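Trainee: Could we go through this model together? I would like to see how the descriptive terms follow from the values.

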Amino acid sequence: MNDSHIQVRNLSKTYRVPVRPEGLRASVGSLFHPTYDDIPAVKGISFDVHAGEVVGFIGPNGAGKTTTLKMLSGLIHPTSGELTVLGFEPWKRDAKYLKRISIVMGNKSQMLWDIPPMDSFRVLGEIYNVPAGQFKQTLDEIIELLDMQELLTKPVRNLSLGERMKCELAASLLYRPAVLFLDEPTLGLDVSMQLRLRKFLADYNRRSGVTVILTSHYMADVTALCPRVILIHNGSLMFDGELSSLARDLAPYKLLRLTLLEVTSMESLKLPEGAEITEREGLGLSIRVPRADAPDITANLLQTLPVSDLTVEDPPIEAVIDRVYTGGSL
Amino acid sequence: MPDLEGNMHILRLIPYFIKVSFQEEAAYRANFFISLFTSVLNLATGVLGIMILFGQIDSIHGWNEASTMALLGIYLMVTALRGLFIGPGLDALAGMDGEIWAGKFDFVLLRPLNTQALVSLRKWRLFSLFDLLLGLGVFILALAKMQTVLSAWQIFSFVIALFSGLVILYAILLIFSALVFWSPGVLFTWVFDGLFQMARYPMGMYPGWLRLVLTWIIPVGMITTIPAEALTGSLEPVMLVASLLLAAALFAAGTALFQIGLRRYSSASS
């Protein structure tokens, strides 16, 4: 049996957007002869996700993350390419498919605003045909993991954003979906609530084996939860692999961090082309060097400077990603 | 295509939808009194209009006070039924804070149910039961005024015509609601509400061209006039058949347009 839960091949989505010209005359004209622009949001991406994996989907605003998530969940129809989730073509929205997936969106709520969450949960249980015994068992487990017993009887509109997000997660897991799509689930939450939700997701994934695709702008979400990341930029896939190798693959430089024995003049220090001092404070010194030159430069530094300590590091993940987002080139 | 099992499932869900809707309504008690006031006002203007009209003449184009009153009763009952369960679910789609504009429709689409059935049956407005009672009151009063014993045919054709009228109402509402997929901010059903006001009076009272429009083009007349004619025995059987055919055609058209709208939503939304 193939344990691949999600298969994506050359998936593309192009939106047709009406062009609204400036000026009254042109506006009237466009009523009768509308013109459209084709905006490619996702351009031929391919990847597989296996059962039980937690994959972080990252990229700047407008990269195509949400569009991809919407295609995966079945909300929108791909323009071209192949896509199966659990063996189904999502856009057909087969009831059998919809019973096995779930989506949580940080900026949209599926809770009924004026009534306590418990009542919304019951209706969802009925909609998804969850047998009474299983419903109780699942709900008890989620309530315990999320520590949300006291929220169940308050109207949703009286809950804080973090409390509401707990409810959103509970609602999305009541029927034990096999695949869970999380679109910015920690949006706007304070740090301790972010931590708590991360811990919950990690625990729940371990217990249930649910496959998770997560998008987030908080790198901490991704580093805490996702052994694997997929990075997309301008609709194209730029990286797919272990988080730990993202910096190695995408950043062509390393960071040398030195602590010196005594205050030393840097004038005698000759750095090769491409290397530069990025930080200097007291006896501490950071130098950015081309990845390939790192060993030579390290040896050279040890010879020319009174070094007490030296480490060779990959640049921080945020810095790597920032360079991809802002420049595209590295 | 919706399967039989799926449709049975959604029918089983109705009690849950009703319960939750009631809880939501109960959270806003002030609405209850406003709703009560609107209902009584609606009833009063309808009855007063008829009293003023028939205070001056005995009948217009074959419609006397009792039969016009029966038609008002039907109008009020049909309006109440629409407010009870079809209207609230469809109305939630449109407008600037509507589900399509705000993107909450995504969750509706992802429920493992027939989307059209879910949208139509999910929200209930139990205040409308009061309207239904008022309408029934007017209707019974009108029947008493008629002072005739209804024949089996009259009762039978009335029931069929009323059913057909309700299907037509649903189909038109569905068509107007489906337009929201093209312009999410516009409350298209308000346009319909304006037109539907004309169904308060018998089609026979309107000039010929308008009567044709209201019978066949935007057939609000079919919804109230045909059942009322069935009751007074003035309905020609061919019109009953025509009403049924129109209901079937509009239902098919409404469903098709809604499905096209759904497809548009899934290819255009971002």
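Mentor: Gladly; this is a predicted model, and we will take helix packing, then the chain contact, then the domains.

Trainee: Why are H4(A) and H6(A) called roughly parallel?

Mentor: Helix H4 (residues 117-127) and helix H6 (residues 161-173) of chain A pack at an angle of about 20°, with their axes 10 Å apart. Angles under 35 degrees count as roughly parallel, so H4(A) is roughly parallel to H6(A). As for handedness, H4(A) passes H6(A) in a right-handed crossing.

Trainee: Which residues make that contact?

Mentor: H4(A) brings Pro117(A), Ser120(A), Phe121(A) and Leu124(A), while H6(A) brings Cys167(A), Ala170(A) and Ala171(A).

Trainee: What makes 6 of them nonpolar?

Mentor: Ala, Leu, Phe, Cys and Pro are among the types that count as nonpolar, whereas Ser falls among the polar ones. The contact therefore divides into 6 nonpolar residues, 1 polar and no charged.

Trainee: Now the two chains: how many residues does each give to the contact?

Mentor: Chain A gives 25 residues and chain B gives 21. On the side of chain A, helix H2 (65-73), helix H3 (95-98) and H4 each supply at least two residues. The largest share there, 4 residues, comes from H4(A). By type, that side of chain A divides into 13 nonpolar, 6 polar and 6 charged residues.

Trainee: And where do the domains of chain A lie?

Mentor: Domain 1 covers 4-247 and domain 2 covers 252-313. Their C-alpha centres are 44 Å apart.

Definitions and conventions. Residues numbered from 1 in each chain as written. Chains lettered and ligands numbered in written order. Predicted model: local features only at pLDDT ≥ 70, side-chain atom pairs only at ≥ 80, totals over all residues. Domains from an automatic or database assignment. Axes fitted to C-alpha atoms, helices over the stretch in contact; angles between N-to-C directions. Parallel < 35°, antiparallel > 145°, perpendicular 65-115°, else oblique. Left-handed = near helix turned anticlockwise from the far one by under 90°. Contact = placed C-beta atoms within 7 Å.
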